[in-house]
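Please open the model in your viewer and keep the selection tool at hand. The tour proceeds by stops, each of which names what to select and then describes what is found there.

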Amino acid sequence: MHSTVVRPKPATSAEALAHFQRLMTFETDCWDVHYALNHNLQDFVLLDVRSLDTAKKGYIAGATLLPYPTINETTLSSYPDDTVFVVYCAGPHCNATEKAAVKLARLGRAVKKMIGGVTGWIDEGFELVSDV
């Protein structure tokens, strides 16, 4: 008898490779973002897509505060068309990143999600800044 962990049977190695490589085109993690921000490798715009009141209580230094409902052609007009946006919100319990990513993708913009959001950032031991 097999556990529900291996039922259904795992994907083949080739299928797993394709899946996880593809997944990395949609997501990045807190560690990679932190490294890029702190090693002069920021070739993306980090967007905090939570409400301004929430974000100002604690956000990632270097992030642009842009609540997802305000994402549109006008609010993005100062960014070149080839800008890569990395979006984050509160954490795994929040879907503002997905809402922002949908809006960015509909506008023809490149976008990745920073998995973990603020929760993941703090879990990694990284600090937030505050405007409060």
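Which helix and strands each supply at least two residues of the lining of the largest pocket? In this predicted model, the elements to select are β1 (27-29), α2 (30-38), β4 (84-88) and β5 (110-115), each of which provides at least two lining residues.

**Stop 1: the largest pocket**

Keep those elements selected and turn to the space that they line. The volume of the largest pocket is about 280 Å³. It is lined by 16 residues, and those closest to its centre are E27, T28, D29, D32 and K112. Select these five residues to find the middle of the pocket. Next, colour α2, which contributes the most to the lining, with four residues. If the lining is coloured by residue type, ten residues appear as nonpolar, one as polar and five as charged. A general remark explains how such places are found: rolling a probe the size of a water molecule over the atoms shows where empty space is left.

**Stop 2: one residue of the pocket**

Select T28, which is one of the residues closest to the pocket centre and belongs to strand β1. Is T28 buried or exposed? T28 counts as buried because its relative accessibility is 16%, and the cut-off for a buried residue is under 20%. Now display the neighbours of T28. Leaving aside residues up to four places away in sequence, T28 touches V33, V86, K113, M114 and I115.

**Stop 3: the whole chain**

Clear the selection and show the chain as a cartoon. Five helices and five strands can be counted. Followed along the sequence, they give the pattern α-β-α-β-α-β-β-α-β-α. The C-alpha atoms fill a box of roughly 55 × 35 × 30 Å along the principal axes. Of the 132 residues in the chain, 31% are buried. Consider also the contacts between residues at least 6 apart in sequence: 68% of them join residues that are at least 24 apart.

**Stop 4: the sheet**

Select the strands. In what order do the five strands of the open sheet lie? The order is β1-β5-β4-β2-β3, and the pairing is parallel. At the edges are β1 and β3 (64-65), each of which pairs on one side only. In general, strands of a sheet pair through backbone hydrogen bonds, either parallel or antiparallel.

Now restrict the view to β2, residues 45-48. Two bridges join β2 to β3, and these two strands run parallel. In this pairing, L47 has T64 as its bridge partner, while D48 has L65. β2 also pairs with β4, again in the parallel sense, over four bridges. Here D48 stands opposite Y88 of β4. D48 therefore has a bridge partner in β3 and a residue opposite in β4, within strands as defined from DSSP runs.

Show the side chains of β2 as well. V45 and L47 lie on one side of the strand, L46 and D48 on the other, and all four are buried, which leaves both faces of β2 covered.

**Stop 5: two helices on the sheet**

Add α2 to the view. This helix lies across β1, β2, β4 and β5, and runs at about 70 degrees to β1. Then add α4, residues 96-106. Helix α4 lies across β2, β4 and β5, at about 160 degrees to β4.

**Stop 6: loops and backbone details**

Select S51, in the loop between β2 and α3 (52-55). S51 is partly exposed because its relative accessible area is 36%. Draw a line from S51 to C30: the two are 21 residues apart in sequence, and their C-alpha atoms are 20 Å apart in space.

Move to N40, in the loop between α2 and β2. N40 is exposed, since its relative accessible area is 77%. Its phi is near 55 degrees, a positive value in a residue other than glycine.

Finally, select P8, in the segment before α1 (13-23). The peptide bond from R7 to P8 is cis, with omega near -5 degrees. As a general background to these last two selections, most residues other than glycine have a negative phi, and most peptide bonds are trans.

Technical notes
Residues numbered from 1 in each chain as written. Predicted model: local features only at pLDDT ≥ 70, side-chain atom pairs only at ≥ 80, totals over all residues. Heavy atoms only, no water. 1 Å grid on protein atoms, 1.4 Å probe; cavity = no way out; pocket = protein on both sides within 12 Å on 5 of 7 lines; lining within 4 Å. Points joined across faces, edges and corners; volume = space filled by probe spheres on them. Nonpolar A, V, L, I, M, F, W, Y, C, P; charged D, E, K, R; others polar. Pairing = 2+ DSSP bridges. Contact = heavy atoms within 4.5 Å. Axes fitted to C-alpha atoms, helices over the stretch in contact; angles between N-to-C directions. Buried < 20%, exposed > 50% of the residue type's maximum accessible area, 1.4 Å probe, protein only.
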